[in-house]
Amino acid sequence: MNVLVTGACGFVGWRTASLLIEEGWSVTGIDNMNDYYDPRLKEYRLRDLKGAGGDFRFLKADIEDFDALSDVFKTDRFQAIINLAARAGVRASIEDPFVYLRTNAGGTLNLLELARGHGINKFVLASTSSLYAGQPMPFKETLPVNEPISPYAATKKSAEALSYTYHYLYGMDVCVLRYFTVYGPAGRPDMSYFRFMKWIDEGHPIEVFGDGSQKRDFTHVDDIAKGTVLALQKTTGYEIVNLGNNKPFELNYMIGLIEENLGKKSVRKESAFHKADMKATWADIGKAKRLLGWSPSITLEEGMKRVAEWYLENRGWLRDIRL
Ligand SMILES: NC(=O)c1ccc[n+]([C@@H]2O[C@H](COP(=O)([O-])OP(=O)(O)OC[C@H]3O[C@@H](n4cnc5c(N)ncnc54)[C@H](O)[C@@H]3O)[C@@H](O)[C@H]2O)c1
(Lines give C-alpha, C1' and ligand atoms only; values in the text may rest on other atoms or scores of the structure.)
Protein backbone atom coordinates (compact mmCIF):
# COMPACT_ATOMS: atom_id res chain seq x y z
CA MET A 1 0.00 0.00 0.00
CA ASN A 2 1.37 3.39 -1.00
CA VAL A 3 0.14 6.33 1.02
CA LEU A 4 0.62 10.04 0.42
CA VAL A 5 1.28 12.03 3.60
CA THR A 6 1.07 15.79 3.14
CA GLY A 7 2.85 18.00 5.64
CA ALA A 8 5.27 15.10 6.21
CA CYS A 9 7.94 17.36 7.73
CA GLY A 10 5.44 18.92 10.10
CA PHE A 11 5.17 17.78 13.69
CA VAL A 12 2.26 15.33 13.31
CA GLY A 13 3.18 14.39 9.72
CA TRP A 14 6.66 13.34 10.81
CA ARG A 15 5.50 10.97 13.55
CA THR A 16 2.67 9.61 11.38
CA ALA A 17 5.00 8.94 8.44
CA SER A 18 7.50 7.33 10.86
CA LEU A 19 4.87 4.96 12.19
CA LEU A 20 3.67 4.07 8.69
CA ILE A 21 7.26 3.30 7.62
CA GLU A 22 7.74 1.22 10.77
CA GLU A 23 4.59 -0.74 9.95
CA GLY A 24 5.89 -1.49 6.45
CA TRP A 25 3.84 0.95 4.36
CA SER A 26 5.27 2.61 1.31
CA VAL A 27 5.16 6.34 2.06
CA THR A 28 5.46 9.40 -0.16
CA GLY A 29 5.79 12.57 1.90
CA ILE A 30 5.29 16.06 0.57
CA ASP A 31 5.80 19.41 2.26
CA ASN A 32 6.46 22.94 1.04
CA MET A 33 8.89 23.56 3.95
CA ASN A 34 7.49 27.07 4.53
CA ASP A 35 8.98 29.36 7.15
CA TYR A 36 5.89 29.92 9.32
CA TYR A 37 8.23 28.56 11.97
CA ASP A 38 11.94 27.81 11.77
CA PRO A 39 12.40 25.29 8.90
CA ARG A 40 15.38 23.74 10.68
CA LEU A 41 12.86 21.73 12.70
CA LYS A 42 11.30 20.48 9.47
CA GLU A 43 14.72 19.55 8.11
CA TYR A 44 15.54 17.72 11.36
CA ARG A 45 12.35 15.66 11.01
CA LEU A 46 13.04 14.97 7.32
CA ARG A 47 16.52 13.67 8.14
CA ASP A 48 14.95 11.38 10.70
CA LEU A 49 12.44 10.04 8.15
CA LYS A 50 15.11 9.49 5.52
CA GLY A 51 17.23 7.65 8.07
CA ALA A 52 14.37 5.37 9.10
CA GLY A 53 15.42 2.84 6.50
CA GLY A 54 11.95 2.07 5.14
CA ASP A 55 10.16 2.72 1.87
CA PHE A 56 9.99 6.51 2.03
CA ARG A 57 10.43 9.22 -0.53
CA PHE A 58 10.09 12.96 -0.17
CA LEU A 59 9.02 15.62 -2.64
CA LYS A 60 9.01 19.32 -1.96
CA ALA A 61 5.58 20.40 -3.21
CA ASP A 62 2.87 22.89 -2.36
CA ILE A 63 -0.70 21.64 -1.98
CA GLU A 64 -1.92 25.06 -3.11
CA ASP A 65 -0.37 24.46 -6.54
CA PHE A 66 -2.70 22.14 -8.47
CA ASP A 67 -0.36 21.63 -11.42
CA ALA A 68 2.68 20.77 -9.30
CA LEU A 69 0.54 18.46 -7.21
CA SER A 70 -0.79 16.75 -10.36
CA ASP A 71 2.78 15.80 -11.26
CA VAL A 72 3.17 14.02 -7.91
CA PHE A 73 0.11 11.93 -8.75
CA LYS A 74 1.46 11.15 -12.22
CA THR A 75 4.67 9.64 -10.93
CA ASP A 76 3.25 7.71 -7.93
CA ARG A 77 0.10 5.64 -7.46
CA PHE A 78 -1.53 6.06 -4.07
CA GLN A 79 -4.15 3.97 -2.32
CA ALA A 80 -4.77 6.62 0.33
CA ILE A 81 -4.06 10.23 1.28
CA ILE A 82 -3.46 11.62 4.76
CA ASN A 83 -3.74 15.38 4.59
CA LEU A 84 -1.79 16.92 7.44
CA ALA A 85 -0.37 19.91 5.54
CA ALA A 86 -1.90 23.08 6.92
CA ARG A 87 -1.40 26.47 8.42
CA ALA A 88 -2.04 25.67 12.03
CA GLY A 89 -1.76 28.71 14.33
CA VAL A 90 -4.86 30.37 15.74
CA ARG A 91 -3.36 33.82 16.32
CA ALA A 92 -1.30 33.79 13.11
CA SER A 93 -4.51 33.10 11.19
CA ILE A 94 -5.82 36.50 12.26
CA GLU A 95 -2.71 38.22 10.89
CA ASP A 96 -2.86 36.51 7.47
CA PRO A 97 -6.22 34.77 6.95
CA PHE A 98 -5.67 34.52 3.20
CA VAL A 99 -2.88 31.94 3.37
CA TYR A 100 -5.04 29.89 5.74
CA LEU A 101 -7.84 29.84 3.19
CA ARG A 102 -5.47 28.97 0.34
CA THR A 103 -3.74 26.10 2.13
CA ASN A 104 -6.36 24.69 4.47
CA ALA A 105 -9.39 24.93 2.20
CA GLY A 106 -7.89 25.35 -1.32
CA GLY A 107 -5.12 22.80 -0.74
CA THR A 108 -7.59 20.24 0.61
CA LEU A 109 -9.82 20.79 -2.43
CA ASN A 110 -6.85 20.22 -4.76
CA LEU A 111 -6.09 16.92 -3.03
CA LEU A 112 -9.72 15.79 -3.07
CA GLU A 113 -10.01 16.59 -6.76
CA LEU A 114 -6.81 14.69 -7.56
CA ALA A 115 -7.97 11.78 -5.40
CA ARG A 116 -11.20 11.66 -7.38
CA GLY A 117 -9.39 11.89 -10.72
CA HIS A 118 -6.99 9.07 -9.79
CA GLY A 119 -9.55 6.75 -8.21
CA ILE A 120 -8.13 7.09 -4.70
CA ASN A 121 -10.93 6.20 -2.35
CA LYS A 122 -9.44 6.85 1.09
CA PHE A 123 -8.89 10.32 2.53
CA VAL A 124 -7.88 11.18 6.08
CA LEU A 125 -8.09 14.86 7.03
CA ALA A 126 -6.56 16.52 10.07
CA SER A 127 -9.01 18.87 11.73
CA THR A 128 -9.13 20.53 15.10
CA SER A 129 -10.75 20.85 18.51
CA SER A 130 -10.84 24.61 17.81
CA LEU A 131 -14.13 23.98 15.99
CA TYR A 132 -15.87 23.23 19.30
CA ALA A 133 -15.53 26.79 20.67
CA GLY A 134 -18.60 27.70 22.72
CA GLN A 135 -19.89 24.10 22.96
CA PRO A 136 -20.49 22.14 26.19
CA MET A 137 -17.68 19.81 27.34
CA PRO A 138 -16.59 17.11 26.93
CA PHE A 139 -16.76 17.79 23.20
CA LYS A 140 -18.59 15.13 21.21
CA GLU A 141 -18.39 14.80 17.42
CA THR A 142 -22.17 15.25 17.14
CA LEU A 143 -22.11 18.83 18.50
CA PRO A 144 -22.90 21.59 16.00
CA VAL A 145 -19.74 23.46 15.00
CA ASN A 146 -21.17 26.37 13.07
CA GLU A 147 -19.52 29.32 14.79
CA PRO A 148 -15.74 29.15 14.26
CA ILE A 149 -14.00 31.92 16.24
CA SER A 150 -10.78 32.19 14.20
CA PRO A 151 -9.88 32.08 10.50
CA TYR A 152 -7.93 28.90 11.34
CA ALA A 153 -11.06 27.16 12.64
CA ALA A 154 -13.18 28.55 9.78
CA THR A 155 -10.80 27.18 7.14
CA LYS A 156 -10.65 23.78 8.85
CA LYS A 157 -14.43 23.75 8.87
CA SER A 158 -14.32 24.45 5.11
CA ALA A 159 -11.93 21.54 4.60
CA GLU A 160 -14.28 19.25 6.53
CA ALA A 161 -17.25 20.43 4.44
CA LEU A 162 -15.41 19.91 1.13
CA SER A 163 -14.38 16.42 2.23
CA TYR A 164 -18.00 15.61 3.01
CA THR A 165 -18.99 16.78 -0.47
CA TYR A 166 -16.48 14.41 -2.09
CA HIS A 167 -17.75 11.59 0.07
CA TYR A 168 -21.34 12.37 -0.91
CA LEU A 169 -20.73 12.83 -4.64
CA TYR A 170 -18.11 10.16 -5.28
CA GLY A 171 -18.46 7.69 -2.41
CA MET A 172 -14.98 8.53 -1.10
CA ASP A 173 -14.15 7.10 2.35
CA VAL A 174 -13.30 10.11 4.46
CA CYS A 175 -12.15 10.19 8.06
CA VAL A 176 -11.88 13.62 9.67
CA LEU A 177 -9.73 13.57 12.79
CA ARG A 178 -10.19 16.41 15.24
CA TYR A 179 -6.91 16.60 17.14
CA PHE A 180 -6.66 18.14 20.63
CA THR A 181 -3.49 20.16 21.50
CA VAL A 182 -0.75 17.85 20.27
CA TYR A 183 2.59 17.99 22.10
CA GLY A 184 5.80 15.98 22.09
CA PRO A 185 9.52 16.09 21.21
CA ALA A 186 10.55 18.16 18.18
CA GLY A 187 7.20 19.91 18.20
CA ARG A 188 6.15 23.31 16.93
CA PRO A 189 8.02 26.32 18.31
CA ASP A 190 4.87 28.43 18.07
CA MET A 191 3.20 26.26 20.73
CA SER A 192 3.32 27.27 24.37
CA TYR A 193 5.02 24.21 25.86
CA PHE A 194 7.94 24.50 23.39
CA ARG A 195 8.42 28.21 24.03
CA PHE A 196 8.07 27.85 27.80
CA MET A 197 10.71 25.11 27.87
CA LYS A 198 13.20 27.22 25.94
CA TRP A 199 12.43 30.45 27.81
CA ILE A 200 12.62 28.82 31.24
CA ASP A 201 15.86 27.06 30.37
CA GLU A 202 17.43 30.23 28.98
CA GLY A 203 16.26 32.36 31.91
CA HIS A 204 13.80 34.52 29.96
CA PRO A 205 10.36 35.46 31.29
CA ILE A 206 7.58 33.28 29.84
CA GLU A 207 4.72 35.01 28.07
CA VAL A 208 1.44 33.54 29.34
CA PHE A 209 -1.83 34.64 27.73
CA GLY A 210 -4.20 35.20 30.67
CA ASP A 211 -3.47 33.73 34.12
CA GLY A 212 -2.59 30.23 32.89
CA SER A 213 -5.82 28.69 34.21
CA GLN A 214 -6.98 27.80 30.69
CA LYS A 215 -7.24 24.05 30.24
CA ARG A 216 -6.08 21.95 27.33
CA ASP A 217 -6.60 18.28 26.57
CA PHE A 218 -2.88 17.82 25.78
CA THR A 219 -2.34 14.72 23.61
CA HIS A 220 1.04 13.16 22.88
CA VAL A 221 2.08 13.14 19.22
CA ASP A 222 2.79 9.38 19.25
CA ASP A 223 -0.77 8.68 20.40
CA ILE A 224 -2.03 11.00 17.66
CA ALA A 225 0.10 9.20 15.06
CA LYS A 226 -1.33 5.83 16.15
CA GLY A 227 -4.90 7.10 15.84
CA THR A 228 -4.16 8.57 12.43
CA VAL A 229 -2.79 5.28 11.08
CA LEU A 230 -5.78 3.41 12.55
CA ALA A 231 -8.14 5.82 10.78
CA LEU A 232 -6.50 4.88 7.51
CA GLN A 233 -7.29 1.24 8.04
CA LYS A 234 -10.50 1.12 9.99
CA THR A 235 -13.06 3.66 8.81
CA THR A 236 -15.39 3.65 5.83
CA GLY A 237 -18.01 6.20 4.78
CA TYR A 238 -17.72 9.67 6.30
CA GLU A 239 -16.62 9.80 9.92
CA ILE A 240 -15.54 12.57 12.26
CA VAL A 241 -13.44 11.29 15.17
CA ASN A 242 -11.89 13.14 18.12
CA LEU A 243 -8.33 12.23 19.05
CA GLY A 244 -7.71 13.70 22.48
CA ASN A 245 -6.48 12.66 25.88
CA ASN A 246 -9.84 12.97 27.66
CA LYS A 247 -8.01 14.53 30.63
CA PRO A 248 -7.61 18.31 30.44
CA PHE A 249 -4.91 20.07 32.46
CA GLU A 250 -4.34 23.73 33.25
CA LEU A 251 -1.51 25.46 31.43
CA ASN A 252 -0.16 26.24 34.93
CA TYR A 253 0.20 22.50 35.61
CA MET A 254 2.12 22.02 32.36
CA ILE A 255 4.43 24.92 33.29
CA GLY A 256 5.07 23.16 36.63
CA LEU A 257 6.08 19.97 34.80
CA ILE A 258 8.57 21.90 32.68
CA GLU A 259 10.06 23.53 35.77
CA GLU A 260 10.36 20.13 37.45
CA ASN A 261 12.03 18.49 34.44
CA LEU A 262 14.50 21.34 33.93
CA GLY A 263 15.06 21.94 37.63
CA LYS A 264 14.47 25.67 37.01
CA LYS A 265 11.80 28.17 38.03
CA SER A 266 9.87 30.36 35.59
CA VAL A 267 9.43 34.10 35.69
CA ARG A 268 6.10 35.20 34.22
CA LYS A 269 4.97 37.99 32.00
CA GLU A 270 1.19 37.90 31.59
CA SER A 271 -0.39 39.10 28.35
CA ALA A 272 -4.08 39.60 27.65
CA PHE A 273 -6.11 36.49 26.82
CA HIS A 274 -7.02 36.57 23.13
CA LYS A 275 -10.68 36.35 22.20
CA ALA A 276 -9.90 33.83 19.41
CA ASP A 277 -8.45 31.43 22.00
CA MET A 278 -10.53 28.88 23.89
CA LYS A 279 -10.71 28.76 27.69
CA ALA A 280 -10.77 24.97 27.74
CA THR A 281 -10.81 21.86 25.56
CA TRP A 282 -11.80 18.34 26.54
CA ALA A 283 -12.37 15.47 24.12
CA ASP A 284 -15.03 12.82 24.38
CA ILE A 285 -13.15 9.86 22.90
CA GLY A 286 -15.90 7.22 23.03
CA LYS A 287 -16.12 7.16 19.24
CA ALA A 288 -12.35 6.77 18.75
CA LYS A 289 -12.43 3.81 21.15
CA ARG A 290 -15.43 2.19 19.46
CA LEU A 291 -14.54 2.81 15.83
CA LEU A 292 -10.75 2.71 15.84
CA GLY A 293 -10.00 0.75 18.99
CA TRP A 294 -7.89 3.76 19.97
CA SER A 295 -7.15 5.27 23.33
CA PRO A 296 -4.22 7.42 24.38
CA SER A 297 -1.51 5.73 26.41
CA ILE A 298 1.02 8.46 27.26
CA THR A 299 0.38 10.54 30.38
CA LEU A 300 1.19 14.25 30.38
CA GLU A 301 3.84 13.66 33.06
CA GLU A 302 5.60 10.99 30.97
CA GLY A 303 5.11 12.97 27.76
CA MET A 304 6.63 16.17 29.15
CA LYS A 305 9.57 14.17 30.50
CA ARG A 306 10.23 12.98 26.94
CA VAL A 307 9.94 16.54 25.61
CA ALA A 308 12.48 17.75 28.18
CA GLU A 309 14.88 14.89 27.38
CA TRP A 310 14.72 15.71 23.68
CA TYR A 311 15.12 19.41 24.38
CA LEU A 312 18.21 18.88 26.53
CA GLU A 313 19.80 16.57 23.95
CA ASN A 314 19.24 19.16 21.20
CA ARG A 315 19.72 22.32 23.21
CA GLY A 316 22.81 23.36 21.20
CA TRP A 317 21.10 23.97 17.87
CA LEU A 318 17.77 24.90 19.45
CA ARG A 319 19.44 27.91 21.04
CA ASP A 320 18.98 30.04 17.93
CA ILE A 321 15.60 28.72 16.84
CA ARG A 322 13.28 31.69 16.34
CA LEU A 323 10.14 31.59 18.54
N1 LIG B 1 -0.43 20.37 16.66
C2 LIG B 1 -1.66 20.51 17.14
O3 LIG B 1 -1.86 20.76 18.34
C4 LIG B 1 -2.84 20.36 16.23
C5 LIG B 1 -4.12 20.41 16.82
C6 LIG B 1 -5.23 20.28 15.99
C7 LIG B 1 -5.07 20.07 14.64
N8 LIG B 1 -3.83 20.03 14.10
C9 LIG B 1 -3.71 19.82 12.65
O10 LIG B 1 -2.80 18.76 12.42
C11 LIG B 1 -2.10 18.98 11.20
C12 LIG B 1 -0.61 18.93 11.46
O13 LIG B 1 -0.27 19.97 12.38
P14 LIG B 1 1.17 20.15 12.97
O15 LIG B 1 1.05 20.53 14.38
O16 LIG B 1 1.99 19.00 12.56
O17 LIG B 1 1.63 21.46 12.18
P18 LIG B 1 2.99 21.75 11.39
O19 LIG B 1 2.92 23.18 11.00
O20 LIG B 1 4.14 21.29 12.18
O21 LIG B 1 2.85 20.82 10.12
C22 LIG B 1 2.22 21.21 8.93
C23 LIG B 1 3.19 20.97 7.80
O24 LIG B 1 2.51 21.31 6.59
C25 LIG B 1 3.40 22.02 5.76
N26 LIG B 1 2.61 22.87 4.87
C27 LIG B 1 1.94 24.01 5.21
N28 LIG B 1 1.38 24.55 4.12
C29 LIG B 1 1.68 23.71 3.09
C30 LIG B 1 1.39 23.74 1.70
N31 LIG B 1 0.66 24.74 1.16
N32 LIG B 1 1.85 22.74 0.92
C33 LIG B 1 2.61 21.75 1.45
N34 LIG B 1 2.93 21.69 2.75
C35 LIG B 1 2.47 22.66 3.56
C36 LIG B 1 4.29 22.81 6.69
O37 LIG B 1 5.53 23.15 6.10
C38 LIG B 1 4.43 21.87 7.87
O39 LIG B 1 5.61 21.11 7.77
C40 LIG B 1 -2.59 20.32 10.68
O41 LIG B 1 -3.61 20.09 9.75
C42 LIG B 1 -3.15 21.00 11.91
O43 LIG B 1 -4.12 21.95 11.57
C44 LIG B 1 -2.70 20.15 14.87
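These notes go through the sheet, the core and the ligand surroundings of a predicted model.

1. The sheet. Seven strands make up an open sheet, and their pairing is parallel. Read across the sheet, the order is E3-E2-E1-E4-E5-E6-E11. Strand E3 (56-60) and strand E11 (238-243) are the edge strands, each pairing on one side only. On average, neighbouring strands of this sheet are turned by 20 degrees against each other, direction ignored. As background, strands of a sheet pair through backbone hydrogen bonds, either parallel or antiparallel.

2. Strand E1 and its partners. In the strand order, E1 stands between E2 and E4. Five bridges join E1 to strand E2 (residues 26-31), and the two run parallel. One position to look up is Val3, whose bridge partner in E2 is Val27. On the other pairing, E1 is joined to strand E4 (residues 80-83) by four bridges, again parallel. Here Thr6 has Asn83 of E4 as its bridge partner.

3. Burial of E1. Why is strand E1 (residues 2-6) described as largely enclosed by the rest of the structure? Four of its five residues are buried, so the strand has most of its length covered in this sense.

4. The link from E1 to E2. Helix H1 (residues 11-22) belongs with these two strands: E1, H1 and E2 make a right-handed β-α-β unit.

5. The edge at E11. Strand E6 (residues 173-179) is joined to E11 by six bridges, and these strands run parallel. Val174 can be used to find the pairing, as its bridge partner in E11 is Tyr238.

6. The nonpolar core. The largest nonpolar core has 87 residues. Val3, Ile81, Leu177, Met254 and Ile258 are the residues with the most contacts inside this core. Which element gives the most to the core? Helix H8 (residues 221-234) does, with seven residues.

7. Ile258 in more detail. Apart from its neighbours within four places in sequence, Ile258 is in contact with Tyr193, Phe196, Met197, Ile200, Met304 and Ala308.

8. Around the ligand. There are 28 residues around the ligand, and those that come nearest are Gly7, Gly10, Phe11, Ala86 and Tyr179. H1, helix H5 (97-117) and strand E5 (122-128) are the elements that give two or more residues to this shell. H1 gives the most, with three residues. The helix of the β-α-β unit in point 4 is therefore worth viewing together with the ligand.

Definitions and conventions:
Residues numbered from 1 in each chain as written. Predicted model: local features only at pLDDT ≥ 70, side-chain atom pairs only at ≥ 80, totals over all residues. Pairing = 2+ DSSP bridges. Axes fitted to C-alpha atoms, helices over the stretch in contact; angles between N-to-C directions. Core = buried A, V, L, I, M, F, W, Y, C linked by C-beta atoms within 7 Å. Buried ≥ 20, exposed ≤ 12 C-beta atoms within 10 Å, placed from the backbone. Contact = placed C-beta atoms within 7 Å. Right-handed = clockwise from strand over helix to strand, strands pointing away. Near = placed C-beta within 6 Å.
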